[in-house]
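Work through the exercises below with the sequence and the model open. Each task is followed by a solution in steps.

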Amino acid sequence: MTQPPILAVERLVKHFPTKSGLVRAVDDITFDVSTGDTLGLVGESGSGKTTTAQCVLGIYPPTSGQILFEGRPIGVAFNRREKELKRKIRIVFQDPGSSLNPKRTIKQILSVPLQVHGIGLARERLALMSRLLEMVELPPTEYLYKYPQAIGGGEKQMVAIARALATNPRFIVLDEPTSALDVSVQGKIINLLLRLGNELELTYLFITHDLSLMRNVATRVAIMYLGKLCEIARTQEFFRTPLHPYTKMLLSSIPVVTDEEESLKPAKIVSKGEIPSPVNVPSGCSFHLRCPERMPICLESDPEMRVLDTGHLIRCHLYSP
Amino acid sequence: MDPLLAINDLYVGFRVFEGHLRVLNGVWLDVREGERVGLVGETGCGKTTTVKSILRVLPTPPARITGGRILYHGKDILKMTRRQTAMLRRHELTAIFQDPLQSLNPVFTIGTQLRDIVKDSAIGRGHRLSRRQIESRCLEALRVTGMPDPERIMTNYPAQLSGGMRQRVCIAEALSTNARLMLADEPTTNLDVTIQDQILRKLDELVEQQGVSVVMITHSMGVVRDLTQRVNIMYAGTIVESGPTRVLLESPMHPYTQGLMASVPKLTGEGISEGIPGRIPNYLDPPSGCRFHPRCEHRMEICETSAPPFYEPDEGHRVACYLYRGTP
């Protein structure tokens, strides 16, 4: 990697104390995202993907560990962050139906970030908003004065993207931006995001549970299980030689539509069990309960993340020296 | 052989404040004995309305069934009395819905709910079971769905179980009635892929054993590929294409199906197509002729004026599109 990472997460821990015990939502994860990359963060529900994103955004301050953005630590709560930082890191949420205020017009929705960050003079803002809508391929004259309920789910998500772009950000967290949408609409959104990413040199942290989507979108893929990262690799490498047993289980569980894809899946690993509760994390490697290749050591000690020669990061005893 | 279930030219509408929503617009669907049929379409295309019409659980009003027939073993479900449809639901049909939290009663334990079903379906068949028989059948029903520790599950409330477990309970309930036809309405859409894989595999196995016919409703092409023999593609209240699953997915004919297949992200990583422009029509004022024509890139004049009939270019592979006019 020649370019320095725009985002580096080091030993990030986020625990939530609850009545039933300590919820280990994110438990000691380390990763980085280089400028211009799209990191796909993949995992099942309850694996801590969204909590990770929310720590990056500052919605939660981390319990311990560091988050570095452009080399500077940003691991503080949202209300203590400087405005400039909030301008640079933006988010697009999963469900545009609930992330857009139903009582505001699209013009009002888009004007908020412009006002907050003091972008443009008041009289220039209409033109700025029109430009934003054009960027996401919505004709401004048609959409500026509409309410979210009057437009389709895909279009709402485009408005949400336009709102994220309003402050000219460097880094956008995409929290399952297409999982509430139909596949025929998903294609459009994804292609739009990829095009904008290229044009505006954006870096994405793309959170999803859809591995086949990541195959087409991400430049690197990270797999998360129960608050920990299992495996990180470049997309090509990742899908050519998936290493972690959990990754293999995920890949072989994906329903695919052609024979050609079927041949790309690893040999059928029958998935069993469910993700345990993050309150009672199993001892040793947290995946050992469901792992088809469990060894005695997996019950006792948690493996460390290792870097293989190919740049593939893996956290599993099978690959210990 | 007569099909087990045959939907012929079904029209269903909803009366709303703004007018009349014409949702189902001539749906045709056949399910043969022991066959597994997929019904695929996007949000709002009328999949669930179709299922509810079969079960006769659509609230009327606002819904209105304005035309067509639903034949079950040759008898029209739409002409049955309330009592007859209730018997049909009790013994012949069974359903699994998308959200198990809504299909399970939150204030009764799993055991209470499952025992009722087992007891009543046996009474309907004319025999009364002893308490011990009911208990053992319930435990067996849970056990075959791969549930660990069924004795404990019986005493749990739905809220104490995970999503995958709840859906297993629903499958256990659905299969414990010994029904002939199962309507599975997006049974795994809310679940993670590894859990989806487990549930579908189990369902597949159980359906195979009991010889139940299945209508699998989903928006996932991958799921129908694994589970069904024939598939019907639905768009805006009409069936646009139907055929053997593998053949249809391999070489889709209808422009809508082609667009849909191209938009599915694939593991081969060849990128994602732009999808299909536009969106599903407003049912208050649906497009004339073929309902897909405003979004279709092969639009012809005739598409705007009249709805295409089914053509059958290949044996068993039918498509409702004027592009295939020359074929039989």
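Domain bounds here come from an automatic or database domain assignment. The model is predicted.

**Exercise 1. Describe how the domains of chain B are placed and how they meet.**

Solution.
Step 1. The assignment for chain B gives domain 1 as 34-58 + 182-324 and domain 2 as 100-178.
Step 2. Taken over C-alpha atoms, the centres of domain 1 of chain B and domain 2 of chain B are separated by 31 Å.
Step 3. At their contact, 11 residues of domain 1 of chain B meet 10 residues of domain 2 of chain B.
Step 4. On the domain 1 side of chain B that touches domain 2 of chain B, helix H8 (residues 193-210) of chain B gives the most, with seven residues.
Step 5. By type, that side of domain 1 of chain B divides into seven nonpolar, three polar and one charged.

**Exercise 2. Describe the contact between chain A and chain B from the side of chain B.**

Solution.
Step 1. Chain B puts 36 residues into the contact and chain A puts in 35 residues.
Step 2. On the chain B side, the elements that give two or more residues are H8, helix H9 (221-227) and helix H11 (255-263) of chain B.
Step 3. H8(B) gives the most to this side, with six residues.
Step 4. The residues of chain B that touch chain A divide into 12 nonpolar, 16 polar and eight charged.

**Exercise 3. Which residues have the most contacts inside the largest nonpolar core? Follow the one in chain B.**

Solution.
Step 1. The largest nonpolar core has 179 residues, and those with the most contacts inside it are A:Ala162, A:Leu205, A:Ala222 and B:Met182.
Step 2. Both domains of chain B take part: this core draws at least three residues from each of domain 1 (34-58 + 182-324) and domain 2 (100-178) of chain B.
Step 3. Leaving aside neighbours within four places in sequence, B:Met182 is in contact with B:Thr94, B:Ile96, B:Ala174, B:Val207, B:Val212 and B:Val214.
Step 4. As background, nonpolar side chains in soluble globular proteins tend to be buried together.

**Exercise 4. Describe helix H8 of chain A and what its buried residues pack against.**

Solution.
Step 1. H8(A) covers residues 183-199, which is 17 residues. From its first C-alpha to its last, H8(A) reaches 24 Å, close to the 24 Å expected at 1.5 Å a residue.
Step 2. The buried residues of H8(A) are A:Val183, A:Ser184, A:Val185, A:Gln186, A:Gly187, A:Lys188, A:Ile189, A:Ile190 and A:Leu193.
Step 3. These buried residues pack against helix H7 (153-165) and helix H9 (211-217) of chain A, together with H11 of chain B.
Step 4. Now take the partner in the other chain. H11(B) is mostly covered, with seven of its nine residues buried. They are B:Pro255, B:Tyr256, B:Thr257, B:Gly259, B:Leu260, B:Met261 and B:Ser263.
Step 5. The cover over the buried residues of H11(B) includes H8 of chain A, together with H9, S9, strand S10 (238-244) and helix H10 (245-250) of chain B.

**Exercise 5. Are these loop residues buried, partly exposed or exposed: A:Glu201, A:Glu70, A:Glu137 and B:Met300?**

Solution.
Step 1. The cut-offs are counts of other C-beta atoms within 10 Å: 20 or more for buried, 12 or fewer for exposed, and partly exposed in between.
Step 2. A:Glu201 follows H8(A) and lies in the loop between H8 and strand S8 (203-208) of chain A. A:Glu201 counts as exposed because it has 10 C-beta neighbours inside 10 Å. Its phi is positive, near 50°, in a residue other than glycine.
Step 3. A:Glu70 lies in the loop between strand S4 (64-69) and strand S5 (72-73) of chain A. A:Glu70 has 15 C-beta neighbours inside 10 Å and therefore counts as partly exposed. Phi of A:Glu70 is also positive, near 50°.
Step 4. A:Glu137 is found in the loop between helix H5 (125-135) and helix H6 (140-143) of chain A. With 13 other C-beta atoms within 10 Å, A:Glu137 is partly exposed. A:Glu137 and A:Ala162 are 25 residues apart in sequence and 9.8 Å apart in space, C-alpha to C-alpha.
Step 5. B:Met300 lies in the loop between H11 and helix H12 (301-305) of chain B. B:Met300 is partly exposed, because 14 C-beta neighbours lie inside 10 Å.

**Exercise 6. What confidence does the predictor give to chain B?**

Solution.
Step 1. Chain B has a mean pLDDT of 85, and 99% of its residues reach 70 or more.
Step 2. Among the elements of chain B, helix H3 (residues 100-103) has the lowest mean pLDDT (81) and strand S9 (residues 230-235) the highest (92).
Step 3. For the model, ipTM is 0.80 and pTM is 0.84.

Note on methods. Residues are numbered from 1 along each chain as its sequence is written. Chains are lettered from A and ligands numbered from 1 in the order in which they are written. This is a predicted model: local features need pLDDT of at least 70, side-chain atom pairs count only at pLDDT 80 or more; totals for chains, interfaces and linings use all residues. Two residues are in contact if their C-beta atoms, placed from the backbone, lie within 7 Å. Helices (H or I, at least four residues) and strands (E, at least two) are DSSP runs, numbered from the N terminus. Ala, Val, Leu, Ile, Met, Phe, Trp, Tyr, Cys and Pro count as nonpolar, Asp, Glu, Lys and Arg as charged, and the others, Gly among them, as polar. A nonpolar core is a set of buried Ala, Val, Leu, Ile, Met, Phe, Trp, Tyr and Cys residues joined through C-beta atoms within 7 Å. pLDDT is the predictor's confidence in each residue, from 0 to 100. The expected span of a helix is 1.5 Å times one less than its number of residues.
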